[in-house]
Amino acid sequence: MAKKAEASVEDRLRALYDLQLIDSRVDEIRNLRGELPLEVQDLEDEVEGLNTRLEKLSTNLELIDDQIKGKKNLIEEAKALIKKYSEQQKNVRNNREYNSLTKEVEFQELEIQLAEKHIKEFKVQIDQKKEVISETKSKLKDRQTHLKHKRGELNEILAETQKEEDALLKKSEDFQKKLDDRLVNAYLRIRNNVKNGLAVVPIERGASGGSFFTIPPQIQVEIASRKKVITDEHSGRILVDAELAEEEKDKMEKMFAKLS
């Protein structure tokens, strides 16, 4: 903590602007990837969903097959009972027994008709589900091909940039350690509140970078003196003079060249 207190305002301004240049470079790398990571994640989720749907459809087909087998067994049992009752009718002693057996035969015949009707309905369901399975498999194949292509794009970009990004993130941490917590927190707060992530900007043509509001001459002189940390009253960004900014850019570009 003692080293941080001893650092001059100019040293802190340079460290702040270096930190901004590093974080902006990380932003550029991540923008290069664009929406690819999200696209890959969405495609992975879609492929997983389609695989789950296929599993459920296959399970449903197995259940329907089991139901068909059950109905066929019922038909065979009913036919066996019809044969049994028909044989018993030959040996009845009165009309009451005969009529009772006739009703049993009729009931089994109705059971057979109902089972056959259900089998036909199950077969229609099977045809419908097979059609859905075919469409789902086709869509899954298309999504898997697209996912493979997008993963290839992402992996290619990651291979080119991941090492540099990791090194830059480490540098960002190192530069934050050079500053006191109050300045780091202020920097991070401003950075999170602006669209382009620029929390520290140089004066360009009399105005703060990225702003159309002119900085009063007296304030410009104070900024150039590097005696205190000054923020833009309109955007809230921390301001540095153009000369300091140019010096730090040259220095950091050499560092970026070594990391890339």
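This report describes the overall form of a predicted protein model and then several of its residues.

## Overall form

The secondary structure of the protein chain in this predicted model amounts to seven helices and four strands, and these elements follow one another along the sequence in the pattern α-α-α-α-α-β-β-α-β-β-α. The radius of gyration of the protein chain is 39 Å, well over the 18 Å that the globule rule gives for 260 residues, so the chain is more spread out than a compact globule. Taken along the principal axes, the box that the C-alpha atoms fill is roughly 125 × 40 × 35 Å.

Among contacts between residues at least 6 apart in sequence, 77% join residues that are at least 24 apart.

## Surface, burial and charge

Of the 260 residues in the protein chain, 35% are buried. The chain exposes about 17100 Å², and carbon and sulfur atoms supply 50% of that area.

The protein chain carries 49 positive and 53 negative charges, and the mean positions of these two sets are 4 Å apart.

## Helix α2: alanine 15 and serine 24

Helix α2 spans residues 9–33 and includes serine 24; alanine 15 is also found in helix α2. Alanine 15 has a relative accessibility of 7% and therefore counts as buried, since buried means under 20% relative accessible area. Serine 24, at 16% relative accessibility, counts as buried on the basis of that cut-off of 20%.

Two C-alpha separations describe where these residues stand in the chain. Alanine 15 and phenylalanine 175 are 160 residues apart along the chain, yet their C-alpha atoms are separated by 6.3 Å. Leaving aside neighbours within four places in sequence, alanine 15 is in contact with Phe175 and Leu179. Serine 24 and leucine 101, by contrast, are 77 residues apart along the chain, and their C-alpha atoms are separated by 92 Å.

## Arginine 191 in helix α5

Arginine 191 has its place in helix α5, which covers residues 181–193. Its relative accessible area is 16%, so arginine 191 is buried under the cut-off of 20%. The side chain of arginine 191 reaches the backbone oxygen of glycine 197 at 2.9 Å.

When residues up to four places away in sequence are not counted, arginine 191 touches Gln20, Asp23, Asp27, Gly197 and Ala199. Glycine 197 therefore appears both as one of these touching residues and as the residue whose backbone oxygen the arginine 191 side chain reaches, where the distance of 2.9 Å lies within the 3.5 Å used for a polar contact.

## Two arginines with positive phi

Arginine 205 and arginine 226 can be read as a pair, as each is a residue other than glycine with a positive phi value. Phi of arginine 205 is near 50°, and phi of arginine 226 is near 60°. Arginine 205 has its place in the loop between β1 (200–204) and β2 (207–208), while arginine 226 lies in the loop between α6 (217–225) and β3 (230–231).

In accessibility the two arginines fall into opposite classes: arginine 205 is exposed, with a relative accessible area of 83%, whereas arginine 226 counts as buried at 12% relative accessibility. The value for arginine 205 is over the 50% that marks an exposed residue, and the value for arginine 226 is under the 20% that marks a buried residue.

How values were computed
Residues are numbered from 1 along each chain as its sequence is written. This is a predicted model: local features need pLDDT of at least 70, side-chain atom pairs count only at pLDDT 80 or more; totals for chains, interfaces and linings use all residues. Side-chain values use heavy atoms; hydrogens and water are left out. Helices (H or I, at least four residues) and strands (E, at least two) are DSSP runs, numbered from the N terminus. Buried means under 20% relative accessible area, exposed over 50%, partly exposed in between (1.4 Å probe, protein chains only). A polar contact is a pair of N or O atoms within 3.5 Å; within protein, one must be able to donate a hydrogen and the other to accept it, and residues adjacent in sequence count only if both atoms are side-chain atoms. Contact means heavy atoms within 4.5 Å. The radius of gyration is taken over C-alpha atoms; the globule rule is 2.2 Å times the number of residues to the power 0.38. Accessible areas come from the Shrake-Rupley method with a 1.4 Å probe; for residues, only the protein chains shown count as cover. Lys and Arg count as positive and Asp and Glu as negative; His and the chain ends are not counted. The place of a charge is taken as NZ of Lys, CZ of Arg, CG of Asp or CD of Glu.
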